[in-house]
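Me: Please examine one part of this model closely, namely the contacts between its parts, and state the criteria behind each term.

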Amino acid sequence: MIKLFERRTRIAMDRAKKKKGPFIYKSYSKKPKHRWVKKRKAAERRFRRAGFIAIAISSLFLASLVWNIVSSGRSAFTEAQISLQIEFQADLVEQGAYRKIVQNSLIALFPEVEDRKEKRALFGLVSRNAPHMLKKLIEENPALVSTKKDIWIPAASTVSVFYKQRLKEQSKRGGKITASHAAWITQLARSDRMQLKFNMAFFKNGDSREAEQAGVLASSIGSFMTILICIAMAFPLGVATAIYLEEFARKSWFTDFIEININNLAAVPSIIFGLLGLSIYLNLFGLPRSSSLVGGMVLALLILPVIVIATRNALQAVPPSIRYAAAALGATPTQVVFHHTLIYALPGIMTGVILSIARAFGETAPLLMIGMVAFVADVPKTFVDPATTLPVQVYLWASNPELGFVEKTAAAIMVLLIFMVLINLLAIYIRRRFEIKW
Amino acid sequence: MVKNMSAQKKISKTESQSDIRMKTQDLSAFYNNDQALFDVNLDIHTNKVTALIGPSGCGKSTFIRCLNRMNDYVENCRVTGKVRLDGFNIYKDKVDVILLRQKIGMVFQKPNPFPKSIYENVAYGPKIHHLVENKDELDALVEKTLKRVGLWDEVADRLSAPGTSLSGGQQQRLCIARAIATKPEVVLMDEPCSALDPIATARIEELIAELREKFTIVIITHSMQQAERVSDHTAFFHLGHVVESGDTEKIFNNPEHQRTKDYIGGKFG
Ligand SMILES: Nc1ncnc2c1ncn2[C@@H]1O[C@H](COP(=O)(O)OP(=O)(O)O)[C@@H](O)[C@H]1O
Ligand SMILES: [Mg+2]
């Protein structure tokens, strides 16, 4: 009780003190606020609200972008497959007439189809790649000859798209498809001979004319090979340039000139670098077209100025007192750089390099200029093989109106975005883990 | 190189000069066209502490940087005149600055340990100058040096922790250890305590008193009391000139010049 009383008096005394106290206390009291206090608070509120609105709008855009891509690309990760009872007749295998084998099993499934035109439509149910698959199967396992076996064969992409959409929406709406196809699909689905399966082909194949066979493996590998060349060229060159300019070169009109040029280069539209690569690497040096070697070299030109700038910033962030400390111990200028400055700047350099690599990873335009838009079905084995990259693959598929490619495009964008996120996470990790606070 | 030639020179010098480790002769320094030092003639005595005092901007740091040629790093700084280490002019062309800086260590105003381990901080100098043959010798040298600056007991169990994780006073002692690990003859200190609290300052002052037996020390300080406590000789700088120099006791108790008297009395600063 007494304590409570004491507290009350103390509060009252504090209040009394505040009233007589310096001016700033007045804004805490219950007295009417000064006009400028109100104005100041309103300005704060306005600014905070504006910031919030900006963030909300950009999040909305981002969310709708991701939703759009995911909702249209998700279906590409599954494909419809048809279970066919395949009879590997010895004579047909001998002749290599795998197409006939596939056709026979389809006819066996739908014996009522007589008409030649109808038959051709029936054969169109399965992927045009089916005979090829069977051939591979026999090559892997010759014991299959003269046996019968149930095998899941990928459906043609139109069939696949139609089936997936029907499953999803339970409606008759689907892609362009004939009435007889629709009837067969219903029949197959009812007898459980048509099912949705995980689409391995998307991750195991390169590009293909058939949407159900097209995959991102070749373009992903192509992307990585291109980036590898790009790093191998741009990293040492860019870092060495930055070290020289920052640590060794005496300031003169010449270094100023170089600096201005580098800063300008960073702002040059990327397609210009493609044209440069076309005229120098391809026409002058005669390097192979559409190879990951040339692609990487073009992207290296593109990110070189960015790497130089990032490295210089990282070097500048190392306080001069550290350089003086090393020099005063008797370290030579080279030792100062390689034992100290560069080491301490490395996390910053790595972050900059990784972010510029993310940029190179997503570049499309300059690669179109050097012919990396070629149709590449096979995974490139060497750096001079024809190759394509993920963003170029997206570009190629996006210009194909077939429904099967529309979902492939979105799915490839998803793969690209996942790689991007991984690269950026790596940059964040390195910054968090190794950053030196001065 | 410095060592050999200076040894020869030393023999030819007279007895009275052997206790003078460094000597500047008509030393002037310019930044662009502004002269910061005017014909400074100053002797720095062997195994003594020489304090440099004077108001800010009077050229103390410029002077101390002339002594180990750190001014080479300051763009647009030009130095004329001579600085002799054991009688040998360190501004001659053929002087190897790297060896020179091994002989003349430096401690800076703000503690600036490398963001490497405590061990590496001390071991770095001996390593680049090849002062040790193997890891064991290096370990021994690091331990000895850290003990000498009184840091061993505090860091013995965390030698691999980064030097930057220590407290300010510890960092400065680490920097002193780093400087004396290369076995220099002279240690230059540019306001080594100005960023430290009084207790850490007292610790450094004790350390300076101990180091005096082995090293020749030049210390810049803004604190009259500190100069009086730690130094044997004092030089008073003003506007780029050495106004007065001599025994600390004499400078503080019986200065010849009015300006010295005013500065020590706190009339300006
Ligand atoms: N890097 C520099 N460039 C130009 N002028 C400098 C530089 N360093 C010091 N000065 C000038 O030289 C004079 C002496 O400075 P300094 O030696 O740092 O004085 P102190 O250490 O005694 O405070 C000052 O007038 C200062 O402005
Ligand atoms: Mg100074």
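Reply: A salt bridge is here a side-chain nitrogen of Lys or Arg within 4 Å of a carboxyl oxygen of Asp or Glu. By that criterion, the count between domain 1 of chain A and domain 3 of chain A is 0 salt bridges. The model is predicted: local features need pLDDT of at least 70, side-chain atom pairs count only at pLDDT 80 or more, and totals for chains, interfaces and linings use all residues. Residues are numbered from 1 along each chain as its sequence is written, chains are lettered from A and ligands numbered from 1 in the order in which they are written, and side-chain values use heavy atoms, with hydrogens and water left out.

Chain A is divided into domain 1 (2–73), domain 2 (77–206) and domain 3 (217–434), with bounds from an automatic or database domain assignment. Between domain 1 and domain 3 of chain A, 4 residues of the former are in contact with 6 residues of the latter (heavy atoms within 4.5 Å). These two domains bury about 410 Å² between them, 82% of it on carbon and sulfur atoms; buried area is the accessible area (1.4 Å probe) that two parts lose on being put together, summed over both. On the side of domain 1 of chain A, the greatest losses to domain 3 of chain A fall on Ile69(A), Ser72(A) and Gly73(A), together 82% of what that side buries. Across this interface there are also 0 residue pairs in polar contact, both at pLDDT 80 or more (a pair of N or O atoms within 3.5 Å; within protein, one must be able to donate a hydrogen and the other to accept it, and residues adjacent in sequence count only if both atoms are side-chain atoms).

The contact of chain A with chain B takes 19 residues from chain A and 21 residues from chain B. The area buried there is about 1,700 Å², of which carbon and sulfur atoms give 68%. In chain A, Tyr324(A), Ala328(A) and Leu329(A) lose the most area to chain B, together 35% of what that side buries. Between chain A and chain B the count is 0 salt bridges, but 5 residue pairs are in polar contact, both at pLDDT 80 or more. Helix H14 (320–328) and helix H15 (333–361) of chain A each supply at least two residues of the side that touches chain B; helices are DSSP runs (H or I, at least four residues), numbered from the N terminus. H14(A) gives the most to that side, with 7 residues.
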